[in-house]
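Reader: Please take one part of this model and look at it closely. I would like the open sheet, its surroundings and any unusual backbone spots.

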Amino acid sequence: MKNLLKMSDLTPAEVVHILDVADQLKAEQKAGGTAPLLAGKTVALMFSKSSTRTRTSFEVGVYQLGGLGNYMNAATELQAGRGEPLKDTARVLGRYYDCVVWRTYRQRDLEEFAEYAGVPVINGLTDYAHPCQVLADLMTIRERRGPLEGQKLCFVGDGSSMANSLIVGGLLAGMQVTCVCPSSYRPAADVLMFAHKYGSRFHLTNDPAEGVQDADVVVTAVWNTAAPGTRESEERLREFAGYQLTGSLLQGAKPDHMVLHCLPARRGEEISTAVFESHADEIFTEAENRLHVQKAVLAILLAGK
């Protein structure tokens, strides 16, 4: 593994290795602290849009591993926000830092940055992929339910970054994966082509009740990403009617099912307040595991863990 740009860059063995290292680092942190595996290392934390969990978990993770993490607002604090070519920014930061984490919009910009940086680059979220979040999801499922192979994972929502990464990550981990989304909000074409290779282990549907049937784990994310009161927001509210995780819908899942949400959550839209609160411990363990899984990725990329 040279970078972490999207889940399909990983092999099944690499997914397992990341989760194993994350488990080890989490146990060590709970026992008193992790070794300074990044001593003398520097990590650029470059953010082109707002963040709570990604930014803070990387800042804390780099610190706990003994490295230096520098946060920078790419839109307002770097010359890239004033027109400097992306490849120039990449070539400069790659000479100062040992690794770059970038949260941005277009996946192709991230791919170009990684091509020129010359150091490992980690995707902190693009419109296409959210690999760090999905690795934390898989870690949480494995903690709570044991081996991932054969478990049924169902995603309900918009077929964007979370759906794209969950489909690939779940299939790489040996899970059965169902994606439930309106027909006009399907996952990326290349993700569906990837999933097609797994035959009956992947299912795409626009029927939430069908999708959650016998699910071990049900995952959702914000699907009304437009500004409140706008035309797009009203359109999404209509298009996603019936795609809310409610107690009634989840009666079709296994009695001991998990519910995960990458956060932030819009209660009353993609998930009911009652369902969110009844699964809050799972959801916030999932959020905590962002820290541990990202420490694992950093340790593998920079310390040969």
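**The open sheet and its loops**

Author: Asp 214 is partly exposed, because its relative accessibility is 45%, which lies between the 20% and 50% cut-offs. Keep in mind that this is a predicted model. Asp 214 sits in the loop between helix H8 (208-212) and E8. Its phi is near 60°, a positive value in a residue that is not glycine.

That loop leads to the sheet. Five strands make up this open sheet, in the order E7-E6-E5-E8-E9. The pairing is parallel. Strand E7 (202-205) and strand E9 (258-261) are the edge strands, and each pairs on one side only. From one strand to the next, the twist averages 15°.

Now take one pair of strands. Strand E5 (residues 152-156) and strand E6 (residues 176-180) run parallel and are joined by five bridges. Leu 153 has Val 177 of E6 as its bridge partner. Helix H5 (residues 131-145) packs on the sheet. H5 touches E5, strand E8 (217-220) and E9. The direction of H5 makes about 160° with that of E9.

Next comes the loop between E9 and helix H10 (273-278), where Pro 264 is found. Leu 263 lies in this loop too. The peptide bond from Leu 263 to Pro 264 is cis, with omega near 0°. Leu 263 also has a positive phi, near 70°, and is not a glycine. How buried is Leu 263? Its relative accessible area is 13%, so Leu 263 counts as buried, under the 20% cut-off.

The nonpolar cores come next. The largest has 60 residues. Ile 122, Leu 135 and Leu 298 have the most contacts inside it. Helix H11 (residues 280-303) gives the most to this core, with eight residues. Apart from it lies another core, of 21 residues, and Leu 263 is among them, as are Trp 223, Val 259 and Ile 271.

Back to Ile 122 of the largest core. Leaving aside residues up to four places away in sequence, Ile 122 touches ten residues' worth of neighbours listed here by name: Leu 4, Phe 58, Cys 99, Val 100, Val 101, Trp 102, Cys 132, Val 297, Leu 298 and Leu 301.

One more strand pair is worth a look. Strand E1 (residues 42-47) and strand E2 (residues 68-73) run parallel, joined by six bridges. Phe 47 has Asn 73 of E2 as its bridge partner. E1, helix H2 (residues 53-64) and E2 form a right-handed β-α-β unit.

Notes: Residues are numbered from 1 along each chain as its sequence is written. This is a predicted model: local features need pLDDT of at least 70, side-chain atom pairs count only at pLDDT 80 or more; totals for chains, interfaces and linings use all residues. Side-chain values use heavy atoms; hydrogens and water are left out. A nonpolar core is a set of buried Ala, Val, Leu, Ile, Met, Phe, Trp, Tyr and Cys residues joined through side-chain atoms within 4.5 Å. Buried means under 20% relative accessible area, exposed over 50%, partly exposed in between (1.4 Å probe, protein chains only). Helices (H or I, at least four residues) and strands (E, at least two) are DSSP runs, numbered from the N terminus. Contact means heavy atoms within 4.5 Å. Two strands pair if DSSP finds at least two bridges between them. Axes are lines fitted to C-alpha atoms, for helices over the stretch in contact, and angles run from 0 to 180 degrees between N-to-C directions. A crossover is right-handed if, with the strands pointing away from the viewer, the path from the first strand over the helix to the second runs clockwise.
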